[in-house]
Amino acid sequence: MKTAIARAFAHRTVLVSASLLAIVAVFAFLGPVLSPNDYAETDFDELRAAPTLSDLHIFGTDNLGRDQFVRTMLGIQVTLAVAFIASFVSLVIGVLYGAVAGLVGGRVDAVMMRFVDTLYALPFIFFVILLMVAFDRNFLLVFVAIGAINWLDMARIVRGQTLSLKEREFIDAARLGGVSLPGIIWRHIAPNLVGIVIVYVTLTIPQAILMESFLSFLGLGIQEPRTSLGSLVENGVGQIESASWLLLIPAGLLALILMCFNFLGDGLRDLFDSRSSA
Amino acid sequence: MLRYTLRRLLGAIPTVLLVIVLAFIMVRAAPGGPFDAERALSPDVEANIARYYNLDESLPRQFFRYLGGVLQGDLGPSYRYRDTTVSELIADHLPVSMMIGGMAMLLAIIVGVALGIMAALNRTAITDRVVMGFAMLGISVPVFVLAPVFMLFLSVKLQWLPAGWSSTPGPSKYVLPVISLALPQIAYIARLSRASLIDVLSSDFIRTARAQGLSQGSIVRYHALKPAMLPVLSYMGPAIAVILTGSVVIEEIFGIPGVGQFFVRGALNRDYTLVLGIVIFYAVLIVLLNLIVDLLYGLIDPRIRARR
């Protein structure tokens, strides 16, 4: 584990993107605490103020006179929270599904994977929108729904890894040594899955962010007065002629966060997933 | 080829059925009925509405009635737009969506493949870096970030291109939506075709061709290009889905009266049947287009046909 961390630090892409993400996260969680402004308080004397140091409106104010810096930071918080929770949901579903398919194998595996193939062909984001309509844009549902549709890749990866692990000699050795099946799964198979699962979770996070911001952009995700980067971009589009910073800052931050996660995931995959590097 | 076609066709049917069942259940699993949000109605009126839309039947009956309609191309009435059916709404607004999506797809394939070939044939550190960096940018930046930023610089600041849809006559209004929609796909296809062409160029049959004295140009044109384009072809399926999703936000941003805009409006208005109908329509469209891609793939690559 120690060498793995050392290798990750030596990888420049991984190092740079991880540091950038850490900086963004620190700002997102400390910024609102340190700023004298509130995210929902409106100041009608200062509508669409350009970024300024007075009153510490360093990102300006929005069309309702609310401090854009605090709103942006809260937006990042929500975006990151959705990303992590949704990825966790997809992690649980994907690992369980993939591990069961891989361990049981045979006809069960074939049927389970055929189902995954079928699901791959579906435009999931539209189903999420359908859910949001049916359940009246429930806040928690955003998290779960996004997680519930992003597990397909994880299931495939885990299943493949489990299938190949199952055939390895050390598993035979453990079985001959009298280790029970749960013991084999817990002590020998699960630890060997951790690395690859971490890599693919990193790659799921940007997808979850993308979906959440897509929904929020359309007004179907996070609802006012809560905000997310997607809703901020949407609001910025409305002010495009009078206050372009309201668009550019959240748009830039969203792009930065997505790029960092993508680079991080790619870098980690290069480092730890030997099969894909071929 | 006939057997392959039949097998693919049969494979698509369960997917379409699954879509309809899932979508129907999702809408019906929701708490409350579609008309609950309106003013309190007298029980008689409510019963009348329920009867009119067949909401008083048992759920399985409603489902089979709906399924029967869908199979005949009838997606039922819209709950909000009175006097029109969902099918009519889709038919009216589909042409403009198809136009933009189709043009974006075409542009993405042509430019993406051209860039990929260029990058694969000039493999220096700089072109590699530029192409890969651009590709990562294109993959990471969502369409709804790209399009407003283009709009800000190219129409609001520089005033080169129109941002409005209905107020612009000529074809210049297509430029920004199509480019914003195509750019991420250009990036992805460029990356894909570059990697694939490099891979093919290092294979044995290319070495043989080279040993026989063929020029680099004719090796690429007559031997390498066709196999190198197979991964691009198989990416067409996912690309269609991404472009369809992107077109929803593009239509919203540029105010284009396409199916996507109605979808979003329907979603915000809780027009259950409209949203349900469009989801089913999109899903069937994606499954069908995927089927066509699969068939093309089988036509080009005989190995696929032979495999069970």
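Which residues does Ala190(B) touch, not counting residues up to four places away in sequence? In this predicted model, the list runs to Gly112(B), Leu115(B), Gly116(B), Ala119(B), Val131(B) and Ala135(B). Ala190(B) itself sits in helix H7 of chain B, which spans residues 175-201. Is Ala190(B) buried or exposed? Ala190(B) has 27 C-beta neighbours inside 10 Å, so it counts as buried, the cut-off for that label being 20 or more. There is a long-range pairing here too: Ile110(B) is 80 residues away from Ala190(B) in sequence, yet the two C-alpha atoms are 9.7 Å apart in space.

Turning to chain A, Asp62(A) makes a good counterpart. Asp62(A) belongs to a loop, the one that links helix H2 (12-34) to helix H3 (68-104) of chain A. Loop residue or not, Asp62(A) is buried, because 24 other C-beta atoms lie within 10 Å and 20 or more are enough to qualify. What is Asp62(A) in contact with, once its neighbours within four places in sequence are left aside? The partners are Arg48(A), Gln68(A), Arg71(A), Asn235(A) and Leu246(A). Ala50(A), 12 residues from Asp62(A) in sequence, is 9.0 Å from it, C-alpha to C-alpha.

The helix that follows this loop, H3(A), also packs against helix H6 of chain A (residues 139-149). Their axes are 7 Å apart and meet at an angle of about 45°. That makes H3(A) and H6(A) oblique to each other, since 45° falls outside the ranges for roughly parallel (under 35 degrees), roughly perpendicular (65 to 115) and roughly antiparallel (over 145). The crossing of H3(A) past H6(A) is right-handed. On the H3(A) side, the residues involved are Val82(A), Ile85(A), Ala86(A), Ser87(A), Phe88(A), Val89(A), Ser90(A) and Ile93(A); these meet Val142(A), Phe143(A), Val144(A), Ile146(A), Gly147(A) and Ala148(A) of H6(A). Sorted by class, this helix contact holds 11 nonpolar and 3 polar residues, with no charged ones.

Now for the two chains together. How many residues of chain B are in contact with chain A? The count is 42, set against 35 residues of chain A. On chain B, at least two residues apiece come from helix H1 (2-29), helix H5 (125-140), helix H6 (143-157), helix H10 (230-254), helix H11 (259-269) and helix H12 (272-300). The chain B side of the contact breaks down into 36 nonpolar, 4 polar and 2 charged residues.

Notes. Residues numbered from 1 in each chain as written. Chains lettered and ligands numbered in written order. Predicted model: local features only at pLDDT ≥ 70, side-chain atom pairs only at ≥ 80, totals over all residues. Helix = DSSP H or I, 4+ residues; strand = E, 2+ residues; numbered from the N terminus. Buried ≥ 20, exposed ≤ 12 C-beta atoms within 10 Å, placed from the backbone. Contact = placed C-beta atoms within 7 Å. Nonpolar A, V, L, I, M, F, W, Y, C, P; charged D, E, K, R; others polar. Axes fitted to C-alpha atoms, helices over the stretch in contact; angles between N-to-C directions. Left-handed = near helix turned anticlockwise from the far one by under 90°.
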